[in-house]
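Reader: Hello! I am new to this structure and would love a friendly, close look at one part of it. Could you show it to me before I ask?

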Amino acid sequence: MVDKLALILVIIGAINWAFIGVFGIDPIAMLFGGQLALISRIIYTLVGLAGLWSISILFKRVEPQNE
């Protein structure tokens with residue numbers, strides 16, 4: 001469950017960065033009152049923590065499924 005939530009947050013962060021890179025706008029900041037607004041900072045922090053958590057996903061062993 002935590003892995004899926006982390007992945008969702010990382011995808012949100014990636015989309016946000018794509019908008020910044022391509023269009024020069026920050027959708028999170030636009031939606032929540034600027035980059036320094038408390039809710040924006042919370043979202044940025046959660047996305048960053050999700051990115052750090054996702055590092056552990058890289059090193060998880062995947063057991064083959066018997067079908």
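Reader: Among contacts between residues at least 6 apart in sequence, what share joins residues at least 24 apart? And could you then take a close look at S40: is this residue buried or exposed, and which residues is S40 in contact with, leaving aside its neighbours within four places in sequence?

Author: Happy to! A word on the model comes before your answers. This is a predicted model, in which local features need pLDDT of at least 70 and side-chain atom pairs count only at pLDDT 80 or more, while totals for chains, interfaces and linings use all residues. Residues are numbered from 1 along each chain as its sequence is written, and side-chain values use heavy atoms, with hydrogens and water left out.

Now your opening question. Of the contacts (heavy atoms within 4.5 Å) between residues at least 6 apart in sequence, 41% join residues at least 24 apart.

Let me set the scene for S40. The protein has 3 helices and 0 strands, where helices (H or I, at least four residues) and strands (E, at least two) are DSSP runs numbered from the N terminus. Read from that end, the order of elements is α-α-α. The C-alpha atoms fill a box of roughly 50 × 25 × 20 Å along the principal axes. The radius of gyration, taken over C-alpha atoms, is 15 Å, whereas a compact globule of 67 residues would have one near 11 Å (the globule rule is 2.2 Å times the number of residues to the power 0.38). Buried residues account for 21% of the 67 residues.

S40 sits in helix α3, which covers residues 38-58. This residue counts as buried because its relative accessible area is 0% (buried means under 20%, exposed over 50%, and partly exposed in between, with a 1.4 Å probe and protein chains only). What does the side chain of S40 reach? It comes to 2.8 Å from the backbone oxygen of G34. That is a polar contact: a pair of N or O atoms within 3.5 Å, where within protein one must be able to donate a hydrogen and the other to accept it, and residues adjacent in sequence count only if both atoms are side-chain atoms.

As for its other company, once neighbours within four places in sequence are left aside, S40 is in contact with I28, A29, F32, G34 and Q35. Let us follow one of these, A29, a little further. A29 belongs to helix α2, residues 27-32, and is buried because its relative accessibility is 12%. Not counting residues up to four places away in sequence, A29 touches G34, Q35, S40 and Y44. G34 and Q35 thus appear in the list for S40 and in the list for A29. Looking toward the start of the chain, A29 and M1 are 28 residues apart in sequence, with 27 Å between their C-alpha atoms.

Back in helix α3, there is a serine to set beside S40, namely S54. S54 is buried because its relative accessibility is 19%. With residues up to four places away not counted, S54 touches A6 and V10.

The segment after α3 offers a contrast. R61 is found there, and this arginine is exposed because its relative accessible area is 78%. The C-alpha atoms of R61 and A29, 32 residues apart along the chain, are 37 Å apart. V62 lies in that segment too and is exposed at 74% relative accessibility; its C-alpha atom is 24 Å from that of V47, 15 residues away along the chain. P64, also in the segment after α3, is exposed with 69%. P64 and G51 are 13 residues apart in sequence and 26 Å apart in space, C-alpha to C-alpha.

So, to return to your residue: S40 is buried because its relative accessible area is 0%, and its side chain reaches the backbone oxygen of G34.
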